[in-house]
Amino acid sequence: MEFAIEAKKLTKRFGHFTAVNEIDFSVKYGECFGLLGPNGAGKTSTVKMIYGFSPVTSGKLEVLGMDIMTNARDAKSLLGIVSQEDNLDPELTVRENLLVYAGYFRLDRKTARTRADEILSFMGLEDKANDVVENLSGGLKRRLTIGRALINDPGILILDEPTTGLDPHARRLVWQRLRQLKEEGTTMLLTTHYLEEASQLCDRLIIMHHGEILEQGTPAELVQKHVGRDAVEIGFTQKQKIPAELVNRFLNWGGPLVKSHQVLGTDLIIFTQQGEFLSAKLRKQAAVAKIPLAYQNLRPATLEDVFLKLTGEYLDAPDGKGRELE
Amino acid sequence: MQNTQPSRLSLLHGISQKPDLSWPLVFSVFLRNLKVFSKTWVATIMFNFVEPLLYLWAMGFGLGVYVTQIQGLSYLDFLAPGLIASSAMFATTYEMTYGSFTRMGHQKVFHGMVATPVSMDDVLMGEILYGTFKGLLYGFVFFTVVVLFGIAKSPLALLAIIPLFFMSAVFSIISLVWTAIAPNYDSFGYFFTLFISPMFLFAGIFFPIDNLPPAIQFLPAMTPLYHAVEVIRPLILGKVYWGMLIHLAWLVALTLVTIRLPLVMVKNKLIK
Ligand SMILES: Nc1ncnc2c1ncn2[C@@H]1O[C@H](COP(=O)(O)OP(=O)(O)O)[C@@H](O)[C@H]1O
Ligand SMILES: [Mg+2]
């Protein structure tokens, strides 16, 4: 078993619709592997195949060296799963949720109690141990769901959008726990459409879009490869789409400093290794040419820029489809 | 994307395959449901128990005064054993429709279970077990009433647990089949109005099915409730005869023939 998870030409179709299209990836032991992509990219479809919920349409999928399709029970006994939608037992208390779940893994009572106590303290849920789950906040429910997934001391922890819908504070608390698990060497597979989550937690990741893998690598590698170190954002005063001729003037001024660029509405984003220098140069040139600018901003390039570059869409768009560019 | 409703036939996909069952895990699913039930059992038993008691009073003591004899029995004796069966039937069918639909639907409890070594077949078998248990429990509660009223005439009455078991199992199965095809809670209204209530009224609890027009007597004769009542009544009253075994055999056969259905249907509904 070289890899914790190995997928080759993994495909999922629903009727005639292909949700996951012949993707290849492998997850190493001890790493946190990310599936980054907007809503509808095929993340959940992929993850559901990995934990044996949804049948593989075609391709090869090995989980901890086992074929998940033929050996689901054994494989599932070694997985910890946090699915995208909450599926706790709402009528039971926090502790009962853990104990009942332990029963599904056939842990004996004593082990189950010990594990439950450890998990309650690790997830910071001791005070809530006897609260009925229905009455918990979204953040606490998520923490319990993650804790419940740890009951069998899993070889791989699979998290499908673990912090979607949480407020920033609750999200941060979840991240802290996940980072600690990672430091303890837990192998993790995490899907997300938050680039910050991916860059904070993932050692390596794949960027998914429309069921395909666009890129894979470490977050830093991807940023470096596609967009470089810095992003210079230039806001024009035009109300309409900026003319190509104007864009070209700026690109020419940048010359070889321009690694790549993106036009986003009335903004031009130029990616470069030398942001400060380029930023100053463009400002000067624009002043000389008397081109009025609404603003100019220099910031570090991020995974979001990589995604924008690769797809022409934003990753975390509120309409769930990815905001299309002009 | 399109979340197309599967055709009724595709719900039967895999029916000929052997179910993937691990009995200890089936039992853990059953225990989970029991644990939830244990939180509210006093209230729910009271709720389900009052209704047949009202029927017993209204029909047995009220109407019964005008009915002197029915198949050689007082009306109370005729009626009460049937209410044991109907009490069980209602408990099971409510649990395996509204209850199961909630667990598989918005609570997603089934989804949580199958993310462990538990298989979907285990989950459904655990549900059937639980539905059967609830039928037995509510049947037993009403049985104690029947004993208190002095209606049970023989220790053989205790054997009523056997037909009650199979009848509850059949009702679990039928209800889960309906739940598998039900798009929403409203559709359970049809289930109760079209099947359960008519069964309650016409399947031999309140009057013998011989009183129905001969052309339609086959209808109640096809229902599990009728066959259960035909076994339970003689047992409670201590008037057993060999022919009862045919009714019992019918219940057992129906259980065995149908039990695979909800397993595949719910699996096909939930897993895409
Ligand atoms: N059961 C299903 N039937 C039909 N289409 C589905 C089903 N589940 C998901 N899809 C479609 O597959 C695509 C990928 O969905 P999903 O894997 O949930 O994406 P993500 O988790 O990345 O948001 C979407 O277009 C979605 O509508
Ligand atoms: Mg998803």
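Here is a walk through the structure, starting with chain A as a whole and ending with one helix of chain B.

This is a predicted model, so keep the ground rules in mind: local features need pLDDT of at least 70, side-chain atom pairs count only at pLDDT 80 or more, and totals for chains, interfaces and linings use all residues. Residues are numbered from 1 along each chain as its sequence is written, chains are lettered from A and ligands numbered from 1 in the order in which they are written, and side-chain values use heavy atoms, with hydrogens and water left out.

Let's get a feel for chain A. Its C-alpha atoms fill a box of roughly 80 × 45 × 35 Å along the principal axes. Chain A holds 11 helices and 14 strands; these are DSSP runs numbered from the N terminus, with helices being H or I of at least four residues and strands being E of at least two. Of its 326 residues, 54% count as buried, where buried means under 20% relative accessible area, exposed means over 50%, and partly exposed is in between (1.4 Å probe, protein chains only). The accessible surface of chain A is about 14,300 Å², and carbon and sulfur atoms own 48% of that; the areas come from the Shrake-Rupley method with a 1.4 Å probe, and for residues only the protein chains shown count as cover. Among contacts in chain A with a separation of 6 or more, 68% are between residues 24 or more positions apart, a contact being heavy atoms within 4.5 Å.

The domain assignment splits out domain 1 (3-217) and domain 2 (228-300) of chain A, with bounds that come from an automatic or database assignment. Taken over C-alpha atoms, the centres of these two domains of chain A are 41 Å apart.

Now for the sheets. One is an open sheet of 6 strands in chain A, ordered β6-β7-β8-β3-β9-β10 with mixed pairing; two strands pair if DSSP finds at least two bridges between them. β6 (79-82) and β10 (212-217) of chain A each have a single partner strand, so they stand at the edges with one side lacking a neighbour in the sheet. From one strand to the next, the twist averages 15 degrees. Inside this sheet, β3 (residues 32-36) and β8 (residues 187-192) of chain A run parallel and are joined by 5 bridges. Cys32(A) has Met188(A) in β8(A) as its bridge partner.

Helices lie against this sheet as well. Helix α5 (residues 138-149) of chain A crosses β6 and β7 (156-160) of chain A, running at about 165 degrees to β6(A). Helix α11 (residues 303-311) of chain A touches β3, β9 (204-209) and β10 of chain A, and its direction makes about 35 degrees with that of β9(A). Those angles run from 0 to 180 degrees between N-to-C directions, using lines fitted to C-alpha atoms (for helices, over the stretch in contact).

Chain A also has an open sheet of 4 strands, β2-β1-β4-β5, with antiparallel pairing. Its edge strands are β2 and β5 (66-67) of chain A, each of which pairs on one side only. β1(A) and β2 (residues 17-27) of chain A pair over 7 bridges, and together they form a hairpin with 2 residues between them, where Gly15(A) in the turn has a positive phi of about 65 degrees. Arg13(A) is bridged to Thr18(A) in β2(A), and Lys12(A) to Val20(A) in β2(A).

On to β4(A), where Glu62(A) is found. Glu6(A) stands opposite Glu62(A), and Glu62(A) is partly exposed, at a relative accessible area of 29%.

What holds the magnesium ion (ligand 2)? Thr44(A) (OG1) and Gln84(A) (OE1) coordinate the ion at 1.9 to 2.2 Å. Donors here are N, O and S atoms within 2.8 Å of the metal (3.2 Å for Na, K and Ca), and water is not among the atoms, so sites may look incomplete. Thr44(A) sits in helix α1 (residues 43-50) of chain A and Gln84(A) in the loop between β6 and α3 (94-104) of chain A, so the pair ties together parts 40 residues apart in sequence. Thr44(A) counts as partly exposed at 21% relative accessibility, and Gln84(A) is partly exposed at 34%.

Finally, in chain B, helix α10 (residues 260-270) is mostly covered, with 8 of its 11 residues buried. Among them are Leu263(B), Val264(B) and Met265(B). The cover over the buried residues of α10(B) includes α4 (120-148) and α9 (244-258) of chain B.
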